[in-house]
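Below are some notes for a colleague going through this model, set out as numbered points. Please read them with the coordinates open.

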Amino acid sequence: MINLKDPNYFKRTIKIFIIAIIIFLIAFILSIIFSPSLETFKNTSNGISSKLSEAQGLNKVWQYILNNAIKVPFQMLVFSLIPIPFLYFLNLISTNIITGIVFAFAVHLNFNKGSLMVISSLPHSIIETIAMCFIISGLYKLNQSILRKVGNLFRKNKKKEISFKVAISNLFKVYLFIALPLYILAAFLETYITSFIYDIFT
């Protein structure tokens with residue numbers, strides 16, 4: 001087991017995952033109710049990398065890892081270093097809103113095929129979300145450490161500081177041993193298993 005100096009890391013990850021599911025469900029239900037237009041769907045889909053959508057096989061796996069497991073976490077890390085709370089949540093929020101809209105559009109367009117697409121896409125979507133939640137849980141503590149240091153500059157009564165070194169160490173361990181393997185698993189699931197599940201039932 002990873003030796004983390006943060007007893008609440010995994011509990012916090014679960015709470016963040018629940019928030020992510022709620023955001024997805026709200027986006028999905030609202031999109032079903034208000035029936036997103038084709039234009040909305042196209043605008044939403046523009047957020048998907050063209051390289052990723054056009055890639056095949058192991059190249060697609062690599063493009064997925066490069067974007068979702070490296071670029072996105074790095075972007076969230078940069079956001080967490082800004083002394084503004086919860087900026088690093090933006091990727092999680094946008095990802096789940098986009099997924100909810102896309103799933104809702106697919107179901108609205110063709111209920112049977114759309115539902116099948118949702119079911120076949122759920123395994124990699126859930127695992128990717130869990131990986132992101134593990135990273136955000138670490139970024140929360142990292143951002144708290146920065147906010148506490150900045151806040152203490154303007155306080156007479158200083159609050160107890162949160163160790164930046166411990167926070168970054170915990171984040172690195174979780175990314176390397178939990179989040180990155182989950183992202184890699186999600187990449188293989190999306191590339192090979194999603195279409196496999198879809199083809200079985202069509």
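1. The model is a predicted one, and a convenient place to begin is helix H1, in which Tyr9, Arg12, Thr13, Ile16, Ala20, Ile23, Phe24, Ala27, Phe28 and Ser31 are buried. The cover over these buried residues of H1 includes helix H5 (90-109), H6 and H7.

2. The length of H1 agrees with expectation, because at 1.5 Å a residue its 26 residues should span 38 Å, and its end C-alpha atoms are 38 Å apart. Just after H1, Ser35 adopts a positive phi of about 45°.

3. The axes of H1 (residues 9-34) and H6 (residues 111-152) come within 8 Å and cross at roughly 125°, which means that H1 is oblique to H6. The crossing of these two helices, H1 and H6, is right-handed.

4. On the H1 side, this contact is made by Tyr9, Phe10, Arg12, Thr13, Ile16, Phe17 and Ala20, while H6 contributes residues including Ile126, Thr129, Ile130, Cys133, Phe134, Tyr140 and Lys141. Sorted by class, the contact of H1 with H6 comprises 12 nonpolar, four polar and two charged residues.

5. Asn170 lies in helix H7 (residues 164-200) and counts as buried, because its relative accessibility is 4% and the cut-off for buried is under 20%. Apart from neighbours within four places in sequence, Asn170 is in contact with Leu4, Lys5, Asp6 and Tyr9; of these, Tyr9 is also among the buried residues of H1 and takes part in the contact of H1 with H6.

Notes:
Residues numbered from 1 in each chain as written. Predicted model: local features only at pLDDT ≥ 70, side-chain atom pairs only at ≥ 80, totals over all residues. Heavy atoms only, no water. Axes fitted to C-alpha atoms, helices over the stretch in contact; angles between N-to-C directions. Helix = DSSP H or I, 4+ residues; strand = E, 2+ residues; numbered from the N terminus. Parallel < 35°, antiparallel > 145°, perpendicular 65-115°, else oblique. Left-handed = near helix turned anticlockwise from the far one by under 90°. Contact = heavy atoms within 4.5 Å. Nonpolar A, V, L, I, M, F, W, Y, C, P; charged D, E, K, R; others polar. Buried < 20%, exposed > 50% of the residue type's maximum accessible area, 1.4 Å probe, protein only. Expected span 1.5 Å × (residues − 1).
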